[in-house]
Amino acid sequence: MTLQYYLHRCGLAARRKVNAIIERGRVAVNGTVVREFWLSVNPDKDSVTVDGAPCRLPLGHHYYLFHKPRGLITSVSDPRGRQTVIDYVRKVHGLSEPLHPTGRLDKDTEGLLILTDDGDFTQKITHPSHEIPKVYVAVLKNEITDEQKRILESGIQIDGAMTAKAKLAKVRLEKKGLEGQPCWRITIHEGKKRQVRRMFEAVGTRVMYLRRDQIGSFTLKGIENPGQMRVINESELDDFRRVYF
Ligand code: URA
């Protein structure tokens with residue numbers, strides 16, 4: 001990451017102020033004073049000081065991509081005793097950090113979910129102002145017409161409010177038991193309860209299978225099977241923050 005971003009993440013100051021501090025020669029990397037805010041630093045290897053005092057990234061939070069299987073509740077605990085995504089990753093993956101899911105997926109929906117112990121990250125990722133695209137694949141009971149597609153893309157009434165613009169594309173998905181059913185990729189930027197299912201219901205069809213494939217730049221690559229999970233690394237996280245926050 002750049003020296004400017006590193007110092008900003010350390011909590012030194014806002015990015016513009018960080019530049020001024022660097023330009024004044026107050027920052028050294030591995031003992032050498034540097035004045036280039038775009039210099040690349042490796043948080044694991046380089047030592048950065050400001051006015052001689054070490055500047056380190058705050059102790060890390062944890063971030064995981066999880067391929068939620070159908071049947072799990074997207075929550076930390078469930079008053080009705082049903083198995084949650086957190087119960088599952090503790091039991092199956094042996095994780096013990098105080099994780100929570102960011103955003104929601106219905107019990108019957110599978111796909112990509114971010115788990116973290118960083119409440120600040122969760123607040124940002126779930127805030128509609130960031131307009132993070134979420135991509136779903138939906139297998140439908142009945143095919144939709146061009147007109148229904150146009151209505152879905154331009155916005156539809158749910159909970160008394162119009163949904164934001166969506167993007168639809170016809171795709172192929174061979175899902176056992178649902179062979180030959182119409183299948184669409186739909187990209188939305190909001191997270192209303194059961195939004196995709198209700199959008200299709202509003203134009204007269206029904207979602208028979210739903211999977212989330214993407215949240216911003218994060219995808220199911222490497223965790224293609226339900227139940228799998230992986231760590232999100234620093235540079236993936238930095239890229240995501242740079243684009244969406
Ligand atoms: N839309 C839905 O209908 N369900 C989900 O789980 C996510 C989006």
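In this predicted model, Ala 28 stands opposite Val 33, a residue of strand β2. Strand β1, residues 27–29, and β2 run antiparallel and are joined by 2 bridges. Both strands belong to an open sheet of 4 strands, whose order is β2-β1-β3-β4 and whose pairing is antiparallel. The edge strands of this sheet are β2 (32–33) and β4 (53–54), each of which pairs on one side only. Strands of a sheet pair through backbone hydrogen bonds, either parallel or antiparallel.

**Division of the chain**

The chain is divided into domain 1 (3–54), domain 2 (63–127 + 219–244) and domain 3 (133–215).

**Strand β5 and its partners**

Strand β5 covers residues 63–68 and is mostly covered, with 6 of its 6 residues buried. Tyr 63, Leu 65 and His 67 point one way from β5, while Tyr 64, Phe 66 and Lys 68 point the other way; all are buried. Burial here denotes under 20% relative accessible area, and Lys 68 meets that criterion along with the other residues named.

Two strands are joined to β5 by bridges, as tabulated below.

| Partner of β5 | Residues | Bridges to β5 | Direction |
|---|---|---|---|
| β7 | 110–116 | 6 bridges | antiparallel |
| β15 | 229–231 | 3 bridges | antiparallel |

Individual residue pairs locate these partners along β5. Tyr 64 stands opposite Leu 115 in β7, and Leu 65 stands opposite Arg 230 in β15.

**The interface of domain 2 and domain 3**

The C-alpha centres of domain 2 and domain 3 lie 22 Å apart. In contact across the interface are 17 residues of domain 2 and 15 residues of domain 3. The size of an interface is often given as the accessible area lost when the parts come together. For domain 2 and domain 3 the buried area is about 1300 Å², of which 51% lies on carbon and sulfur atoms.

Polar interactions are also found across this interface. The count of salt bridges between domain 2 and domain 3 is 2. A salt bridge joins the side chains of Asp 106 and Arg 197, with an N to O distance of 3.0 Å. The rule further finds 9 residue pairs in polar contact across the interface, both residues being at pLDDT 80 or more.

On the side of domain 2 that touches domain 3, β7 and α7 (234–244) each supply at least two residues. The largest share of that side comes from β7, with 5 residues. Strand β7 is thus described in two settings: it is joined to β5 by 6 bridges, and it supplies 5 residues to the side of domain 2 that touches domain 3.

Methods: Residues numbered from 1 in each chain as written. Predicted model: local features only at pLDDT ≥ 70, side-chain atom pairs only at ≥ 80, totals over all residues. Heavy atoms only, no water. Buried < 20%, exposed > 50% of the residue type's maximum accessible area, 1.4 Å probe, protein only. Pairing = 2+ DSSP bridges. Domains from an automatic or database assignment. Contact = heavy atoms within 4.5 Å. Buried area = accessible area lost by both parts, 1.4 Å probe. Salt bridge = Lys/Arg side-chain N within 4 Å of Asp/Glu carboxyl O. Polar contact = N/O pair within 3.5 Å; in protein donor to acceptor, adjacent residues only side chain to side chain.
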